[in-house]
Each structure stands twice: as structure tokens, then as C-alpha cells.
Amino acid sequence: MCRGIPEPKLTAMDAMIDKLTGAIFVFQIVVVIVLGIAGNVWKDTEARKQWYVKYPEESPWFELLIIPLRFELLCSIMIPISIKVSLDLVKSLYAKFIDWDNEMIDQETGTPSHATNTAISEDLGQVEYILTDKTGTLTENKMIFRRCCINGVFYGNDSGDALKDVELHNAVSSRSPDVIHFLTVMAICNTVIPMKTKTGDIFYKAQSQDEDALVHAAARLHMVFVNKNANILEIKFNGSTIQYEVLETLEFTSDRKRMSVVVKDCQNGKILLLTKGADEAILPIACPGQQTRAFFEAVEQYSQLGLRTLCLAWRQLKEDEYEEWSLLFKEANSTLVDREWRIAEVCQRLEHDLEILGVTAIEDRLQDGVPETIEALRKAGINFWMLTGDKKNTAIQIALSCNFISPEPKGQLLLIDGKTEDEVRQSLERVLLTMRITTSEPKDVAFVVDGWALEIALKYYRKAFTELAILSRTAICCRVTPSQKAQLVELLKSCDYRTLAIGDGGNDVRMIQQADIGVGISGREGLQAARAADYSIGKFRFLKRLILVHGRYSYNRTAFLSQYSFYKSLLICFIQIFFSFISGVSGTSLFNSLSLMAYNVFYTSIPVLVSVLDKDLSEETVMQHPQILFYCQAGRLLNPSTFAGWFGRSLFHAIVVFVISIHAYAYEKSEMEEVSMVALSGCIWLQAFVVTLETNSFTILQCIAIWGNLASFYFINWIFSAIPSSGMYTIMFRLCRQPSYWTTVFLIVAAGMGPILALKYFRYTYRPSKINILQQAERLGGPILSLGSIEPQPRPILEKEVSPLSITQPKNRNPVYEPLLSDSPNTRRSFGSGAPFDFFQTQSRLSSSYSRNKDN
Amino acid sequence: MDNGSASTVERSDPPTRKPLWRSQAINKFTQQNLPACKPVLTPTWVILTFLLIGTIFIPIGLVSLHASRSVVEIVDRYDIDCVPEQFKSNKLGYIKDSSYPKNCSRTLKVNRHMKAPIYIYYQLDNYYQNHRRYVKSRSNQQLLHGLGSNKTSLCKPEQSNNGLPIVPCGLVAWSLFNDTYKFIRGKSELNVNRKNIAWKSDRDHKFGKHVYPFNFQNGTLIGGGKLNSSVPLSDQEDLIVWMRTAALPSFRKLYGRIEENLHANDVIVVNLMNNYNTYSFGGKKKLVLSTSSWLGGKNDFPGFAYIFVGSYCIVIAIVFMLLHVKNSRNTHVGYN
């Protein structure tokens, strides 16, 4: 598979930060121009009179540029350079947290999760669409033979495992010919190669997991495929060895949907055609006399249960018929033009009038926790698309069993199909129409499209299809090629959605690379996907934790960190700007360069770096209320308006610090170094309190960083104040001895933090965001529960939600399809009990949910 | 999942050779499970905080206001009145011409008893000692090491004259304030202590003991005061005071101390030399006599600001209390 060169990925958050940086840059330029002009005007009107400044009478033209350039220097700190460094640091820590997470270690194989791309953790919290592969991603890709129907007799229906069905064993030991033929096809109609270990055990090398399952099942039923020596196959059945010579192999292609082998029985020299394949490829070519109704029913029944079905058939060939055909086949094999097509045509000549032997049903079990994961993530407002190479029915069944779509009448499946442009267009329009109508109903509408129709839709009706993509929360795309998967990702990205692609195999690599976030499952199909992906996880269910815990925390933390970085830079910059108004607009810096550097690099960056440990809500709360992810998806914590809040805060704090320090340190105290240190102390104290106020949970590290930083501010300045050659010699000692210094600093803190605390408290208590409500509920155990006694406590909800679904977990040996049919009422119940926290419905981005709620 | 995580924790613990508490701490850090304190903004907490700040700040405000009011201060602006009548329309010409006598006499009346030490300041308004061009124009190296240091490029545009370097160089030194004051109470002259008016640290470590003024104020354009070239810079306290540049365009600098009490209704005659030019740029010159308190000189701002912030906190606390009472009653009615 061609991996191509992946582009470096940029998170939505980085893009937003870049945008804000741009805005600040424009602001900076405006400030520089305005102050530059003001400075030059002031210079010409006032400073020329000030003999002590000694401006030369005549000056070259470029003197005009000097003042603006000085302001440019002063304002250059407005854009925090440290933000890039801090962000890189915390991002790599986010990635490390993912690597370290014990709860995301695959217990079976011991593989931990791994973040290959350390730069995009925030995007995990902003995912809107998840595009998932089916086989190996949702399922375990571990095929197990479960049931079969041989000549109209169903085996394994009672126990759910045909291999344990006594009747089948009886039939085998009684050597019923139908069963023997069936087993023979299972054992040798394949491309499996048996290998012997030194101890004499046999293991099989199979390209297809299905064939592997069939051969294993046949072996369990005493039809052991022992050896393959060139063209001679050896089979042991109840102690006797039977040999077959393989004459031809008619290989499987996705068009033919069947494969056959032509073998010669070495005992009696009979030539047999053994075929297995999809029902739609086998049943139509049964011999006219045979009743195929029983097989149709079997296939129907099995696929209803989410099992993968294969029909097995055989036919005895006459010698001359084979000879004749063999020549044609050889010729077809050696053609250069349209070889595949020619072979398929030739194969078709042989594969007819088959005697249907039976139907096998193979289970590809869902991975643990897939339904819960999908349900939780869908509650979090994430839309799911399933892109699979499998056939429609199986895909739909799997989708049903993992909460992907709801069964009737709650859910509705709309089908887009058609072989020609016109048919596809009509079907697309019909689906769109239904979709537009049903968006007002509380229904889970999903559409199903297959690869062919998708190709046409993408090519000719891209606009309509895009609209459909926006309207529909769920989609199943079956029979899609890797490049179509990537195209779908591209389509969603072009609508400005954040996409996450998850897959396990080589055919998902392109989609994974194309998506904003690629997640690979390090599964049975190798590590190809995991290597190409940004994140690799062991199991699908870890996706929930990856998104809800790691993604969300990363987003929240970066949102705070980046805005805070701007806040502190703007704070110091505003003070400099204000100072320029009382220093003759000449661009004097109030702070010495050492303080400025230490302010950005040290005093203000260390406390905020520790904010990577901040948790606004506990992991459990987030897992129970995945809806809260909405705040991240919608970018509620970092956008121009929150940024404006921080901008306003820095302006307010700059005014407080500046006004108080120049008035408290006026007249005889107005010594430059002292005033500058008073103002700087004010800034440092304020930022310590701002970080404290904005921190949600204090660990010991945060306390150390915040208050230790304040202490180290004094410590560092005392050191500099002890060096005679430094500009601030004795300043800090002098200040710390003055009562007026301390009264000024406390005044700055109280005046600066009072309104902010008041505002925050007011919002928190009287205009709470959903995060605040959950915080209160989590920490006080309070308000939500007191709102009504009808609602059970959050904890029981979780258990209730889990219990009906946990049937699919391994402790419970029941196959996947058991809960499928019985779980719909349970699912509904759990939706009901989750309703009090379903508060995001109203805020959903889709207009549809507005109306949906109105109807409720 | 919970079970799984518990087992991994157990499994990953024992093999580490580190002390148990340490590996546990590291594990808690990597699992983001460090014990954390999660404060909540409860009404009680917030209201109490505001009340507390209010009750602390208002007394502090009153105390600092009292301290500021206990300071007795006499401020006399003399720059206009000290220009003889015939030069009122041409103050600049008067100040620039050294042939005119610059002496001037002012009478100050002491309103309240002033306890020694009484600080004598000169105050300049609208004087930008913080102008960038001005602030930068000095060489700390040269002030400490004298001519040996050749880093005088910083001193532009006042670094050399007639090809010879200037000590002390730069605009700050060049524009040294040079008005002088003599105080007479009744018949006798008040003793003004002009020693120790500069910071000791400056005298000891910033201005050289062996650095003597050289080539100072020898140019065509004379700025401010001249220096006695036989006194080392470390003893030129007026210069040292002046060179501690002020951050604000209106500032006071210490001239000296009167070390005896002044009584109410004392009349003090000030004989001053009005040498310094503030006329060209509309600056003001004031003479200030002031006592001092634990907070420094007279400054009502901290007191008022404390009272303002304190009362504003109390108001917020009351508003929040009312809101809380109202709201909890509403909830009570609404949900029961």
C-alpha cells in the first residue's frame, strides 16, 4: 500500500491560536503606528522645548522612524514567544500521559497505547466525526465457525455452537454422505497451507480468516486437513487418509464473490468441483432440480444474527468436460489483455448446476465494550460513519449490534443504491428528502451506501451528498475501497468538520493519514495502520478514554495555557504603553530588560506549565456525562470571545497595577527602579492569583509551582539586589523594608482580583455553564441531585447503562447476536435515565436538534 | 475497565526498586491521579472572603489616611514669582542670562507643628526625567571608574567636549538641578543638613571615590549646575540624588534636612538662587518642606484606595448575600 507523504497536521486549536496571534499582531502594529505618530508629534511640539533632552535641531528623515521602532521593540513582547515553547512542552506531556495510561493498556497482548504524533492531542477533544473501519476495528477479526445448515438441517441453533452440537457429531460418525461432502469442501476448498510443528501438531497458514475458521472447524469434526504436498492434498477422516489432487484453483475475487477448486479424488479418479462463496453468488447457479429455499432461509436467519455466511456447493465433473474447460482456462490464464475478466468468464462456464451442500455461519465477534464506547461517544455529540469493505447486510448487522444504528422503529435506515447515474440520483434525492423531513422527528436516521453508488454520488452529485453528510449523524458505507475511504474523509474535512479515522489494516492507512486524527488499532492485521496513525491503541474501546479523558483535558489545558500566555504578555505590554504616556511618548521601558526576560521566561511560565495537571472534572464524571465534550467540540473555551475576556482582564489589571503603583509611589518615591519593581511585583502577585483562580484542582505540584514561583520572584530579585554592579542594587531590600510597598502590593491584588472573583462567582452560581453544574454536583454532591428526587444518582445510571450491554463481554460466553435482539428496550431505558443530562440537545450545532427538542 | 486498571497498578508496582512511596507517587503522576484539592466557589466562602477583605482593608485605609494626614507639608511654587517684574514676558531671557541676579526671597508660614527631621525637597513638574533619550544618556561605568572607562558612547549627545571626554557624561548629569536654598527663621539661619541625602549604596558602589569631575559644563551650551572638580563623585550628593531618575514627570528630590522642630506660626524666609531653567518648557519648580510618617510623605492615595476597595468588597459581599438569600428561597419554593 502506498502510504504517501503525510502532511504535518495542525490542530484546530493551533489554527485558532494562530488566528488570535494574527489579531494581536495587527493590534500591535496599530499601537505602534499610533504611538509612533504621537511620539513624533510630541517630540516636535514638546520635546524640542525641553532643553535637557537636547534634540538636535536638524535631523535626517529616518529619525522619524526611531520612535515607532522603539515602540515596536516595547510591544514585541505582546505576542508571547514563550507560548510556542510552553505548548510544545505540554503537548509532549499530553502524549506521554497517553503512553503512560494504565487503563489503555491492552490486557491481552500487553500493548500500551501510543501517541506517535505528540502535537495534536487537543484535536481529540474536538472530534466531530469518527470514521471507522469495521473488521478488526469494531470486531476482533477472530473468525469462529458457529453454525451450519447441511442439506436443510440446522446445526448449532440450540447451543449457538455447531461444534458442540451432538447431532452433528452423530451425523459425522454415521458417515452421512451430505455431511461428509460438506466437511470435505470445508477442509479443502481453500488456499490454506497446513504446517507441521516438531511435536506433530498441525497449524494452518491462511490468508483469509474465514478459511482458517472453516479448516479449523472441519478438523474439530474429524476431517483433518493434514498435508499439502505440491498438488496432492491429504485429509484424515476418522483414521483413514484420503488424497486429492488439486487440478485447478479458481481464485476468489470480490466481483465473483466465490472461489472454487477442481480436485481429483485419488481413490476413484473422480473429478470434483468444490465451490464456496457468498449466497448471491452460489444459490443462483444451483442445479435446476435442487430446492434452495431452505438455504435462502438459513442465510437469511444467519445474517440476521450478524454472522458471516458462506454457501458450500459441489459438482462432479465429467472427464471430457474438464479437459475441454481446462484448455480454455489455460488460454485465459495466459492472455495479456483483460485477463481477469477472461478468467472470470471462463470460471463461470464451469461453475454451474452446482449441488448446494449447505451454509456455514462464521462469527466475527465484536470487541469488548464497542457498543458502550459508540453509545458514549455518540452521546458526546460525535457522529459515526462506518466504512467497510464488507457486504451491506453484514455491515448493517454489525452496526445494529454495536449501537451504531438503532433498530426499527427508533431508527431508520435509508438506502442509497443504483447502478447508473440516474438511479443513484433518484435514490439520493429520495433519501435527502426523507432526511430533511425526519430531522424534525426524534429518530435515528442513518443512510447506507455502497461503493458503486458512492463513486457515482461523489463524482456527479457531490453537493447533494455533502448535504446528506451534514444532515446525517450516522452512515454506513459498504464495499468501499481505500481511496474512497480517504475521499469521504476529505469530504467531511471540506465541510470544516474535525474528523477522526480509526482502522486496523493496510486498507485504512490512506483514510488514517487523510483525517485530522488517525487512530490505528494494533490488531491482527499487523501494525501497518498503527504505524501510519497519530495514535495507536490496542482496542476500540480505548477510543472513549482517548477522546473523553485525554482529548478533553488536553483541550481544556491548552485553552487555558494559551490564553493565559497572551494575558500575561498583554498585561506587561499595556503597562509599558501606559507608561509611555507619562514618559513623553518616547518609548522608555518601565521595566529593565532583565525583569522583562525573567517575567516571560520564568515567573509567568512555570506556574502555568503545571496547569497540565489541572482537571476541571474528574475522569469518572466525564465518562458518565460525555455530553460535556460539547464544550470542546464547539470550541467554547478558546475562541475570540473568551480571548476578548482575557484581553479585557489584562487591560483591567494593567490599569490597576499602573494607576496604583504610580500614585502610591509618587513624588519623593518616584524613583524609576523602585516604581518598576513595584509594578512588576504587582503583576507577579496578580498572575499568581489569576492562576489560582483559574485552576480547578490543586495538586501539590501546582501549589508548589504557584506559590514557590512567587517566593522565587523575591529570592531572585534579592540576589540581583545584592550585586553592586546590577542596576537594581539594593532596590528589592529597600522595598521589602517599606510598609508602603506591601500595602501597595496588597492593594493591587485586592483591586485586581476582587472584581474577577466576584464575576467568576456570579457566573458560577447564577449563570453556570454545564461544566460548572457538573463541578458542583461532583464536589458538593449537591445541586443536580437536589433538583429532583426522581433522578437516580449518576453512579447507578452508569451501571444500568452498562449491564444490558455487558452481555457481549468475554466473561459471558454468549455470542454477540444474543443481546442484539433483546437489547433494544434496554437501550431505550438507559437513554431515558440519561435524559436529565441530555442538556446538549438544545445547543447542538445541527439545526435539526433544535426542532427535535421542540417536539419533545 | 476498572478491574483491569487495578491489576495493572499492582503489577507495575513491585518490580521497581525505588522506595514504595516514590514509585507510588510517580505512578500517581503518570496516571494523572495525584491527590488534588478541588475548591468550590461556595456562597459562604466567597461572601466571607469579601467581608474579610472589606473588614481588613477599611481599617488599613483609615490608618494610612491618618498617617498621610499627620504629615505636615509646606509647598511653595516659586518659579514664576521669582522672576523680576520686568522679565515676566521674557522669562527665558532672564534665566539664560547669567548677568542678571538670580536670588529671590520667599516667605513660608508654618501652619502646624513640624517635628524634626523636616525634609527639604525640590519638586519639578512637567519634567520628563523618564524620557528615553534622557534616561539612557549616562554611563554607570564612568561614574564608578572615571576616565578609565571608555564606554561613553551611551552618553550621547553629551559625551565629549572639545575632543575631551566629560566626567560625568550624559544628559542626566549635564542637566543637574542647581537652585539653592537658605532658610532663615527669625534672625538665625536654619541649619540644613546636606549630608546623607543620597542613598548610601549609591555613594559606596555606584559613584567612584576617586572619580573627579572633568571637562564638565565646559561646552557652549550650559545645562544645569556645575560641579566642584576637587570633590569626588561619591561625595557629590546632589548629583547622586539627581541621577536617580524619576519615573514620573512630576517628582521630588531631597535637598536636605532641617534637624530641628518648626513650630506653628513660625515664619521662614527662604533665600534661594533661581538658577534652573524650567521656563522654556513650562515646567514648575516648587520648594517642599515635609515631615514624614511610617508610610513616607504626604500621600492620601493609598488611604483612599484602601477605603474604596474595602467598602466595595463589603458592598459586593452584601449584594451576594442578598442574591443568595433570594435565590435559595426561590429554589426552595420552586422545587418543594
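In strand β20 of chain A, Tyr535(A) is the bridge partner of Ala115(A). That small pairing is a good place to start a tour of this predicted model. It belongs to the contact between β1(A) and β20 (residues 535-537) of chain A, an antiparallel pairing over two bridges.

**The sheet in chain A**

Step back from that pair and an open sheet of nine strands comes into view, with mixed pairing and the order β1-β20-β19-β18-β2-β14-β17-β16-β15 in chain A. Its edge strands are β1 (114-115) and β15 (411-416), each of which pairs on one side only. Helix α12 (residues 370-379) of chain A packs on this sheet, where it touches β2 (129-132), β14 (383-388), β16 (444-450) and β17 (474-478). The direction of α12(A) makes about 135° with that of β14(A).

**The sheet in chain B**

Chain B has an open sheet of four strands in the order β3-β11-β7-β8, and here the pairing is antiparallel. The edges are formed by β3 (103-109) and β8 (188-189) of chain B, each pairing on one side only. If you follow β7 (residues 180-185) of chain B, you will find that β7(B) and β8(B) pair in the antiparallel sense over two bridges. Within that pairing, Ile184(B) has Glu189(B) in β8(B) as its bridge partner.

**Where the chains meet**

How many residues does each chain bring to the contact? Chain B gives 84 residues and chain A gives 87. Together the two chains bury an area of about 7,400 Å², and carbon and sulfur atoms account for 65% of it.

Polar links cross this interface too: 30 residue pairs are in polar contact, counting pairs with both residues at pLDDT 80 or more. On the side of chain B that touches chain A, helix α10 (residues 301-335) of chain B gives the most, with twelve residues. By class, that side of chain B has 44 nonpolar, 30 polar and ten charged residues.

Strand pairing also joins the two chains. Strand β21 (residues 698-699) of chain A and strand β1 (residues 36-37) of chain B pair in the antiparallel sense over two bridges. Look there for Thr699(A), which stands opposite Ala36(B) in β1(B).

**Salt bridges**

Over all chains, the structure holds 47 salt bridges, and the count between chain B and chain A is two. Here are two examples from the structure, with the distance between the closest N and O atoms.

| Basic residue | Acidic residue | Closest N and O atoms |
|---|---|---|
| Arg244(B) | Glu671(A) | 3.1 Å |
| Lys91(A) | Asp14(A) | 2.7 Å |

Lys91(A) lies in helix α3 (residues 82-100) of chain A and Asp14(A) in helix α1 (residues 12-47) of chain A, so their salt bridge ties together parts that are 77 residues apart in sequence.

**Backbone details worth a look**

Chain B contains a cis peptide bond between Lys156(B) and Pro157(B), with omega at about 0°. Pro157(B) sits in the loop between α6 (140-145) and β5 (160-161) of chain B. The peptide bond from Val167(B) to Pro168(B) is cis as well, and its omega is near -15°. You can find Pro168(B) in the loop between β6 (164-165) and α7 (171-174) of chain B.

Which residue of chain A has a positive phi although it is not a glycine? That is Val585(A), with a phi of about 45°. Val585(A) is placed in the loop between α20 (542-581) and α21 (593-603) of chain A.

Technical notes:
Residues are numbered from 1 along each chain as its sequence is written. Chains are lettered from A and ligands numbered from 1 in the order in which they are written. This is a predicted model: local features need pLDDT of at least 70, side-chain atom pairs count only at pLDDT 80 or more; totals for chains, interfaces and linings use all residues. Side-chain values use heavy atoms; hydrogens and water are left out. Two strands pair if DSSP finds at least two bridges between them. Contact means heavy atoms within 4.5 Å. Axes are lines fitted to C-alpha atoms, for helices over the stretch in contact, and angles run from 0 to 180 degrees between N-to-C directions. Buried area is the accessible area (1.4 Å probe) that two parts lose on being put together, summed over both. A salt bridge is a side-chain nitrogen of Lys or Arg within 4 Å of a carboxyl oxygen of Asp or Glu. A polar contact is a pair of N or O atoms within 3.5 Å; within protein, one must be able to donate a hydrogen and the other to accept it, and residues adjacent in sequence count only if both atoms are side-chain atoms. Ala, Val, Leu, Ile, Met, Phe, Trp, Tyr, Cys and Pro count as nonpolar, Asp, Glu, Lys and Arg as charged, and the others, Gly among them, as polar.
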